[in-house]
Amino acid sequence: MEMIDLHNQEYSLGRQSFTLAMKAFGDMTNEEFMQVMNGHQNQKHKKRRVFWEPYIAEIPPTVDWREEGCVTPVKNQGQGNEGCNGGLMDNAFQYVTSKSIGGLDSQESCPYNAKVGPCRYRSEDSVANDTGFMDIPEQESALTKAVATVGPISGAIDASHLSFRFYEDGIYHGILVVGYDFEGEESSNSKYGIVKNSWGKARGKNGYIKMANDWNNH
């Protein structure tokens with residue numbers, strides 16, 4: 001609590017751009033939190049499609065795909081990573097597009113239980129498919145244009161920082177990116193990405209976090 005109070009005091013003095021609060025993970029040590037919740041396994045794929053920035057003279061100043069009905073409600077994955085030891089989004093997309101699977105169940109027909117077990121997918125319950133995916137270069141301009149022209153973008157971040165664990169509101173330096181916006185006057189110091197988490201609505205601001213853009217924090 002002392003760390004949170006000191007941080008919020010700095011926020012009130014204008015030295016921080018976001019606030020902290022006690023959250024559901026406050027009783028975990030940093031090692032426990034990283035083991036359970038920070039399971040991204042980055043891998044380099046030799047054969048992969050790469051997103052090339054389209055030439056666009058101007059993109060919208062703000063985008064929020066939640067308003068277009070393209071984002072599902074925030075869910076809580078629980079301690080699912082403890083069973084699968086993390087993963088990589090590319091592998092999930094490849095799994096969905098494989099001939100043996102070829103689709104996605106609805107939440108109603110195959111609810112998420114955060115437990116290790118056999119796949120319960122049934123092709124007759126398929127409600128969506130993955131027609132392909134590509135990786136985005138580690139450049140914020142490419143991410144912004146992808147969000148503006150394609151839709152919500154799956155990503156990964158280092159969630160081991162205490163400030164991320166207890167994030168409450170405001171722009172966080174830096175996960176599904178569902179849009180972008182800015183606070184106050186539009187400038188490089190006020191732009192942020194709208195990021196959806198998978199730890200429930202109690203995490204961050206109703207399950208979302210604002211991550212600063214154009215701060216060389218990718």
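A residue is called buried here when its relative accessible area is under 20%. By that cut-off strand 8 is mostly covered, with five of its six residues buried. The model is a predicted one, and strand 8 is a convenient place from which to start a tour of it.

The protein chain holds six helices and nine strands. Of its 218 residues, 34% are buried. The accessible surface of the chain comes to about 13600 Å², and carbon and sulfur atoms account for 51% of that area.

Strand 8 spans residues 191-196 and has a partner in both strand 7 and strand 9. Strands 7 and 8 run antiparallel and are joined by six bridges. Within this pairing, Phe182 stands opposite Lys191 of strand 8. Strands 8 and 9 also run antiparallel, and here five bridges make the connection. Gly193 faces Met211 of strand 9 in this second pairing.

Side-chain contacts add a further link in this part of the chain. The side chains of Lys210 and Glu183 meet in a salt bridge, with 2.9 Å from N to O. Lys210 belongs to strand 9 (residues 208-212), whereas Glu183 sits in the loop between strand 7 (176-182) and strand 8, so the pair ties together parts that are 27 residues apart in sequence. The two partners can also be compared by their cover. Lys210 has a relative accessibility of 19% and therefore counts as buried, the cut-off being under 20%. Glu183, at 35%, is partly exposed.

In total, four salt bridges are counted in the model. Another group of them centres on a short stretch of sequence, where Arg122, Glu124 and Asp125 are linked in a network. Arg122 and Asp125 meet through their side chains at 2.9 Å, N to O. Arg122 also forms a salt bridge with Glu124, and in that pair the closest N and O atoms are 3.6 Å apart. How exposed are Glu124 and Arg122? Glu124 has a relative accessibility of 57% and counts as exposed, because the threshold for that class is over 50%. Arg122, at 43%, counts as partly exposed.

Attention can now turn to open space in the model. Rolling a probe the size of a water molecule over the atoms shows where empty space is left. The second largest pocket holds about 200 Å³ of space. Its lining is made up of 12 residues, and those nearest the pocket centre are Ile59, Thr144, Tyr180, Lys191 and Asp214. Two elements, helix 5 (140-149) and strand 7, each give two or more residues to this lining. Helix 5 gives the most, with three residues. Sorted by class, the lining has five charged, four nonpolar and three polar residues.

Lys191 brings the pocket and the strands together. This residue is among those nearest the centre of the second largest pocket, and in the strand pairing Lys191 of strand 8 has Phe182 opposite. Strand 7 likewise appears in both settings: strand 7 gives residues to the pocket lining and is joined to strand 8 by six bridges.

Note on methods
Residues are numbered from 1 along each chain as its sequence is written. This is a predicted model: local features need pLDDT of at least 70, side-chain atom pairs count only at pLDDT 80 or more; totals for chains, interfaces and linings use all residues. Side-chain values use heavy atoms; hydrogens and water are left out. Buried means under 20% relative accessible area, exposed over 50%, partly exposed in between (1.4 Å probe, protein chains only). Helices (H or I, at least four residues) and strands (E, at least two) are DSSP runs, numbered from the N terminus. Accessible areas come from the Shrake-Rupley method with a 1.4 Å probe; for residues, only the protein chains shown count as cover. On a 1 Å grid over the protein atoms alone, a cavity is a set of points where a 1.4 Å probe fits but cannot get out, and a pocket is an open set with protein on both sides within 12 Å along at least five of seven lines; lining residues have an atom within 4 Å of a point. Grid points are joined across faces, edges and corners, and a volume is the space filled by probe spheres set on the points. Ala, Val, Leu, Ile, Met, Phe, Trp, Tyr, Cys and Pro count as nonpolar, Asp, Glu, Lys and Arg as charged, and the others, Gly among them, as polar. Two strands pair if DSSP finds at least two bridges between them.
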